[in-house]
Amino acid sequence: MLVSSKYLVDVAYKEHFAVGAFNVGNSEFVKNIIDVAEELRAPVILQVHPYEYDLMGSRIIKYVREVAMTSTVPVAVHLDHGRGINDVMRAIRDQMNSVMIDTSALPFKENIDGTKQVVDLAHRVGIAVEAELGSIGSRDADEKDNMGRIYTDPQLARRFVDETQVDDLAVAVGTVHGPYPSGDNDIKIDRLDELNVILRMPLVLHGGSNNPDDKIREAIAHGIAKVNISTDIKMPFYHAIKDTVIEHPNDYEPWIMTPRADEKQKKVVAEKIKLFGSAGKADSYFEDLERLKPLFTYDADTVDEIIYD
């Protein structure tokens, strides 16, 4: 069933587990993730990055929403790393029920202004908003320059949340997007702990792939309620496709080319869900039927449809 991501992460934060947010690069990913989530009775977030969105188009969102609404576990459909208001508007028009606006590369005041604009729009129609403060590192950045990481300042984070009223915050505490070429993938638990004490709200870990399991568990114990996973489910899938093509160069049928890739991806998804402590947590959301809705009722003026100014 399609459920507000705010409800998903709020419960996870309260009960000290994390919801896995898996990037869906094609329809096979959607099927695999939901199959595992239903088997393990786990809530999940299906998220689409703008590049994936550009590749697949709006039709993929209709499919993702249909899968979510017919699933037996709580599912949210989320825009990952929205580049600006146009990405957000596309997601809202396509009826995603959760969006991220990532203007973290801008100066602090501009990041606040851009995030406030999205929050004002999204909250009017019951859509949860995630933002980012600081800078998650990149595998393409210079190792001498901390791989582009700018750790989130706790005091600035308090001001950012107060001024934007964002629902959850992606924090920079030592991870990077993609594989770690340097091997320096140590999450700064002390920084995370300070952020958790000051903010007391669900925090999001981007760059969740390729981190030590013990660090992920510790991060969840210190406020992380949503963990983003992309690389760890894409690499085994496409490498398995490659191996199958090499072994069967004259075959072309999907039922020959994809089963190995599906199984390898499902194995990783299952491992992550168990690591995050969300296995078996789906039933926690059925205790409060009033909140078990696709959208979240905010204190702000909720309207039935988007108003285009």
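Q: In which segment of the chain is Ser-284 found?
A: This is a predicted model, in which local features need pLDDT of at least 70 and side-chain atom pairs count only at pLDDT 80 or more, while totals for chains, interfaces and linings use all residues. Residues are numbered from 1 along each chain as its sequence is written, and side-chain values use heavy atoms, with hydrogens and water left out. Helices (DSSP runs of H or I, at least four residues) and strands (runs of E, at least two) are numbered from the N terminus. In these terms, Ser-284 is found in the segment after α12 (259-276).

Q: Is Ser-284 buried or exposed?
A: A residue is called buried under 20% relative accessible area, exposed over 50%, and partly exposed in between (1.4 Å probe, protein chains only). Because its relative accessible area is 16%, Ser-284 counts as buried.

Q: Which residues does Ser-284 touch, not counting residues up to four places away in sequence?
A: A contact means heavy atoms within 4.5 Å. With residues up to four places away in sequence left out, the residues that Ser-284 touches are Tyr-7, Val-11 and Glu-15.

Q: Which residue forms a salt bridge with the side chain of Glu-15?
A: A salt bridge is a side-chain nitrogen of Lys or Arg within 4 Å of a carboxyl oxygen of Asp or Glu. Glu-15, which is partly exposed at 33% relative accessibility, meets its partner at 3.7 Å, N to O. That partner, partly exposed at 24% relative accessibility, is Lys-281.

Q: How many residues apart in sequence are the parts tied together by Glu-15 and Lys-281?
A: The side chains of Glu-15 and Lys-281 meet in a salt bridge. Because Glu-15 lies in helix α1 and Lys-281 in the segment after α12, the pair ties together parts whose separation in sequence, counted in residues, is 266.

Q: Which residue meets Lys-6 in a salt bridge of 3.9 Å, N to O?
A: Lys-6 lies in helix α1 (residues 5-15), while its partner, 161 residues apart, is in the loop between α7 (154-164) and β7 (168-171). Lys-6 is buried at 15% relative accessible area, and the partner is buried at 8%. The side chain that meets Lys-6 belongs to Asp-167.

Q: Which residues are linked with Lys-6 and Asp-167 in a network of salt bridges?
A: The bridge between Lys-6 and Asp-167 belongs to a network of salt bridges. Besides this pair, the residues linked in the network are Asp-10 and Arg-291.

Q: Which residues of helix α5 (residues 85-93) are buried?
A: What covers the buried residues of α5 includes α3 (50-56), β3 (75-82), β4 (98-101) and α6 (108-124). The buried residues in this helix are Asp-87, Val-88, Met-89, Ala-91 and Ile-92.

Q: Which residue forms a salt bridge with Arg-90?
A: Arg-90 counts as partly exposed at 21% relative accessibility, and its partner is partly exposed as well, with a relative accessible area of 44%. Because Arg-90 lies in helix α5 and the partner in helix α3, the pair ties together parts that are 36 residues apart in sequence. With the closest N and O atoms 3.0 Å apart, the partner is Asp-54.

Q: How many salt bridges does the count come to?
A: The chain has 309 residues, of which 55% count as buried, and its secondary structure comes to twelve helices and ten strands. By the 4 Å rule, the count of salt bridges comes to 24.
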